[in-house]
Amino acid sequence: MDAITLKKVFGSNGAQFINLTGTLIEAIEKEPSIYTYMAPDEFSSLIETDWKAGTKIYWEELLGRAHLAAVASIIRAYRWSCGMAVCYSSDLFSSVLCQLSRTDRICR
């Protein structure tokens, strides 16, 4: 992404943050995480027989889901930011307004 455009749209601190986010995403893509989940019926029988092991599985899966949600949010925000900069640099101001708006009333 063009550093000058990022600074115009997001300011110098925002541009620096977006560049750091891009570096983070590259690192995530190089070493992707693998999430494993136990089948619900298997988990139910485990929790009945060994509640400590069941609790461990529960928390591992919960943290895995939280991690997945956080990574997805970071990637989505980064792509949105890059889209805003591309629209700005291409003089597509109606697209910029649509992306800034929380509703689609401006885009209609």
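**Why these labels?**

Tutor: Leaving out residues up to four places away in sequence, threonine 21 touches Ile74 and Tyr78. The model is a predicted one.

Student: What makes these two residues count as touching threonine 21?

Tutor: A contact requires heavy atoms within 4.5 Å. Ile74 and Tyr78 are listed as touching threonine 21 under that rule.

Student: Why is threonine 21 called buried?

Tutor: The relative accessible area of threonine 21 is 13%. Buried means under 20%, so threonine 21 is buried. Threonine 21 belongs to helix H1, which covers residues 3–30.

Student: Leucine 24 is found in helix H1 as well. Why is leucine 24 called partly exposed?

Tutor: Leucine 24 has a relative accessibility of 40%. Partly exposed is the class between under 20% and over 50%, so leucine 24 falls into it. The C-alpha atoms of leucine 24 and isoleucine 75 are 9.4 Å apart, although 51 residues separate the two along the chain.

Student: How do you know which class cysteine 82 and cysteine 87 belong to?

Tutor: Cysteine 82 has 13% relative accessibility, and cysteine 87 has 10%. Both values are under 20%, so both cysteines count as buried.

Student: How many disulfides does the structure hold?

Tutor: Zero. A disulfide needs two cysteine sulfur atoms within 2.5 Å, so a count of zero means that no pair meets this limit.

Student: Why is the pair of tyrosine 58 and tryptophan 59 called edge-to-face?

Tutor: The structure holds one aromatic pair. The ring centres of tyrosine 58 and tryptophan 59 lie 5.3 Å apart, with the planes at 85°. Centres within 6.5 Å make a pair, and planes over 60 degrees apart make it edge-to-face, so both conditions are met.

Student: Are tyrosine 58 and tryptophan 59 buried, exposed or partly exposed?

Tutor: Tyrosine 58 has a relative accessible area of 43%, and tryptophan 59 has 47%. Neither value is under 20% or over 50%, so both residues are partly exposed. Together with Leu62 they form a nonpolar surface patch of about 320 Å² accessible area. Tyrosine 58 is part of helix H3, residues 51–89.

Student: What makes lysine 56 and glutamate 60 a salt bridge?

Tutor: Their closest N and O atoms are 3.1 Å apart. The limit is 4 Å, so the pair qualifies. Lysine 56 and glutamate 60 are four residues apart in helix H3, so about one helical turn separates them.

Student: Why do lysine 56 and glutamate 60 fall into separate exposure classes?

Tutor: Lysine 56 is at 51%, which is over 50%, so it counts as exposed. Glutamate 60 is at 44%, which is not over 50%, so it counts as partly exposed.

Student: How many salt bridges are counted?

Tutor: Two. In one of them, glutamate 61 meets arginine 65 at 3.6 Å, N to O. That distance is within 4 Å, so this pair also qualifies. Glutamate 61 and arginine 65 lie about one turn apart in helix H3.

Student: What class does each of these two residues belong to?

Tutor: Glutamate 61 has 13% relative accessible area, which is under 20%, so it is buried. Arginine 65, at 44%, is between the limits and therefore partly exposed.

Student: What does the whole chain consist of?

Tutor: The chain has four helices and zero strands, giving the pattern α-α-α-α along the sequence. Of its 108 residues, 20% count as buried.

Technical notes: Residues are numbered from 1 along each chain as its sequence is written. This is a predicted model: local features need pLDDT of at least 70, side-chain atom pairs count only at pLDDT 80 or more; totals for chains, interfaces and linings use all residues. Side-chain values use heavy atoms; hydrogens and water are left out. Helices (H or I, at least four residues) and strands (E, at least two) are DSSP runs, numbered from the N terminus. Buried means under 20% relative accessible area, exposed over 50%, partly exposed in between (1.4 Å probe, protein chains only). Patches are made of residues with over 30% relative accessible area and no salt bridge: like charges are joined within 9 Å, nonpolar side chains (Val, Leu, Ile, Met, Phe, Trp, Tyr) within 5 Å. Accessible areas come from the Shrake-Rupley method with a 1.4 Å probe; for residues, only the protein chains shown count as cover. A salt bridge is a side-chain nitrogen of Lys or Arg within 4 Å of a carboxyl oxygen of Asp or Glu. Rings of Phe, Tyr and Trp (its six-membered ring) pair if their centres lie within 6.5 Å; planes under 30 degrees apart count as stacked, over 60 as edge-to-face and the rest as tilted.
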